[in-house]
Amino acid sequence: MTPNFIDDRLRIRAADADDAPDLARLIDIAGGGVYGFLLDGLVPGLTAAEMLMPGLAGRSGSLSHRQSGVAELDGRVVGIAHGYPTDWIRTEDYSGLPPDRVAHMAAFSETLDGGSYFLSALAVDPAQRRHGIAGRLLGWFYERARTGGFDRVTLHVWADNDPARRLYAGEGFEEIGHADIPWHPRLPHQGGSILMRRYL
C-alpha cells in the first residue's frame, strides 16, 4: 500500500512538452538498454536519452509526450507511463536506424497483440520505488486505454527482469508470447522478451 506521506504529495497527470528531459531519461531506463543499442553513435556526442528528447517534445507520433503520463512528487517528475495503440508499431519508420540493429530486434515487432493498447515504457526513479507509484501510473494508463475504446493492454518485458514480471503479474497481466531477441554485448539480456496482456 502506498504510504500516506508519498500518496498525499503524489500527482499523476498528462505529460507536456516541458517534461521531455524527464521522459527521455525514464523511457531510456525502462527500455533496459534497447535505445542505446538502436541509437548509439548515430549522432556523435549525443546520448540515447538526448536523441529521444526532440520526439518527446513534439506533438505527433508514437514518441510524443502526448502519449505519456507522469508521476510528480513535490513538483518533480519521478515516474512515467508511455504507450499508444499497438497497431502503430507496424507502421513505424525505422529507415534512419542501422539495418543490422533493426533486424536484431525484429522478433519484438513480430510478437504483438494487434488491436490492444501498448505500454511501451513504465519507469520510476530508483529512489522512489516500492511506494506504489508504478501502480498509480498503471491505473492512469488503463483509464487512458479505456477512454480510447480499448479492451486490453499489452507490453513487452525482458525475460530476465524478474521484478517487472512480478509487478505485472500482480496487476493481472498474463504471459501470451515470447520474442526471441538474441543476446548482444550492447543489449545483454538473457531469454529474449515476454509479451504480456491484461484485459480491462
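# Exercises on a predicted model

Asp-74 has a relative accessible area of 53% and is therefore exposed. The structure is a predicted model, and the exercises below start from this residue.

**Exercise 1. Locate Asp-74 and describe its backbone.**

Solution. Step one is the position: Asp-74 belongs to the loop that joins S2 and S3. Step two is the backbone angle: phi of Asp-74 is near 55 degrees, which is a positive value in a residue other than glycine. Step three is the accessibility: the cut-off for exposed is over 50%, and Asp-74, at 53%, is therefore exposed.

**Exercise 2. Determine where Arg-130 lies, what sign its phi has, and whether it is buried or exposed.**

Solution. First, Arg-130 is placed in the loop between S4 and helix H7 (133-147). Second, its phi is positive, at about 70 degrees, although Arg-130 is not a glycine. Third, the relative accessibility of Arg-130 is 84%, so this residue counts as exposed.

**Exercise 3. Identify the residues with positive phi just after H2 and just after H8.**

Solution. Just after H2, the residue is Gly-32, with a phi of about 60 degrees. Just after H8, the residue is Gly-172, with a phi of about 95 degrees. The start of helix H8 (residues 162-170) has a feature of its own: a side-chain oxygen of Asn-161 comes to within 3.2 Å of the backbone nitrogen of Ala-164.

**Exercise 4. State which residues of helix H2 are buried and which elements cover them.**

Solution. Begin with the list: in helix H2 (residues 20-30), the buried residues are Ala-20, Leu-23, Ala-24, Leu-26 and Ile-27. Next, consider the spacing. An α-helix has 3.6 residues a turn, so residues three or four places apart point the same way. Then turn to the cover, which includes helix H3 (34-39), helix H4 (48-57), strand S2 (68-73), S3 and strand S4 (117-124).

Asp-28 is also in helix H2. Its relative accessibility is 24%, so Asp-28 counts as partly exposed. Apart from neighbours within four places in sequence, Asp-28 has contacts with Gly-33, Tyr-35, Gly-36, Ala-48 and Ala-49. A further distance places Asp-28 in the chain: Arg-129 is 101 residues away from it in sequence and 17 Å away in space, C-alpha to C-alpha.

**Exercise 5. Describe the surroundings of Thr-86 and Thr-154, and show how the two residues are linked.**

Solution. Take Thr-86 first. Thr-86 occupies the loop between strand S3 (76-85) and helix H5 (99-104), and it counts as buried because its relative accessibility is 0%. With neighbours within four places in sequence set aside, its contacts are Leu-112, Asp-113, Gly-114, Ser-116, Tyr-117, Phe-118 and Thr-154.

Now take Thr-154, which is in strand S5. Thr-154 is buried, since its relative accessible area is 0%. Residues up to four places away in sequence are not counted, and those that Thr-154 touches include Thr-86, Leu-119, Leu-195, Met-196 and Arg-197. The link is therefore a direct contact: Thr-154 appears among the contacts of Thr-86, with a cut-off of 4.5 Å between heavy atoms.

**Exercise 6. Place Trp-158, classify its accessibility, and name its side-chain polar partner.**

Solution. Trp-158 is part of strand S5 (residues 152-158). A residue is buried under 20% relative accessible area, so Trp-158, at 10%, is buried. Beyond four places in sequence, Trp-158 touches Gly-31, Gly-32, Val-34, Arg-165, Ile-181, Leu-187, His-189, Gly-192 and Ser-193. The polar partner is His-189, whose side chain contacts that of Trp-158 at 3.5 Å. Gly-132, by comparison, is 26 residues from Trp-158 in sequence and 21 Å from it in space, C-alpha to C-alpha.

**Exercise 7. Assess the chain as a whole from its radius of gyration, burial and contacts.**

Solution. The chain has 8 helices and 7 strands. Its radius of gyration is 16 Å, which agrees with the value near 16 Å for a compact globule of 200 residues. Along the principal axes, the C-alpha atoms fill a box of roughly 50 × 40 × 30 Å.

Of the 200 residues, 46% are buried. Among contacts with a separation of 6 or more, 72% join residues 24 or more positions apart. The accessible surface is about 9900 Å², and carbon and sulfur atoms account for 51% of it. Finally, the chain has 20 positive and 26 negative charges, whose mean positions are 4 Å apart.

Methods
Residues numbered from 1 in each chain as written. Predicted model: local features only at pLDDT ≥ 70, side-chain atom pairs only at ≥ 80, totals over all residues. Heavy atoms only, no water. Helix = DSSP H or I, 4+ residues; strand = E, 2+ residues; numbered from the N terminus. Buried < 20%, exposed > 50% of the residue type's maximum accessible area, 1.4 Å probe, protein only. Rg over C-alpha atoms; globule rule 2.2 N^0.38 Å. Areas by Shrake-Rupley, 256 points an atom, 1.4 Å probe, with all protein chains shown as cover. Lys, Arg positive; Asp, Glu negative; His and termini not counted. Charge placed at Lys NZ, Arg CZ, Asp CG, Glu CD. Polar contact = N/O pair within 3.5 Å; in protein donor to acceptor, adjacent residues only side chain to side chain.
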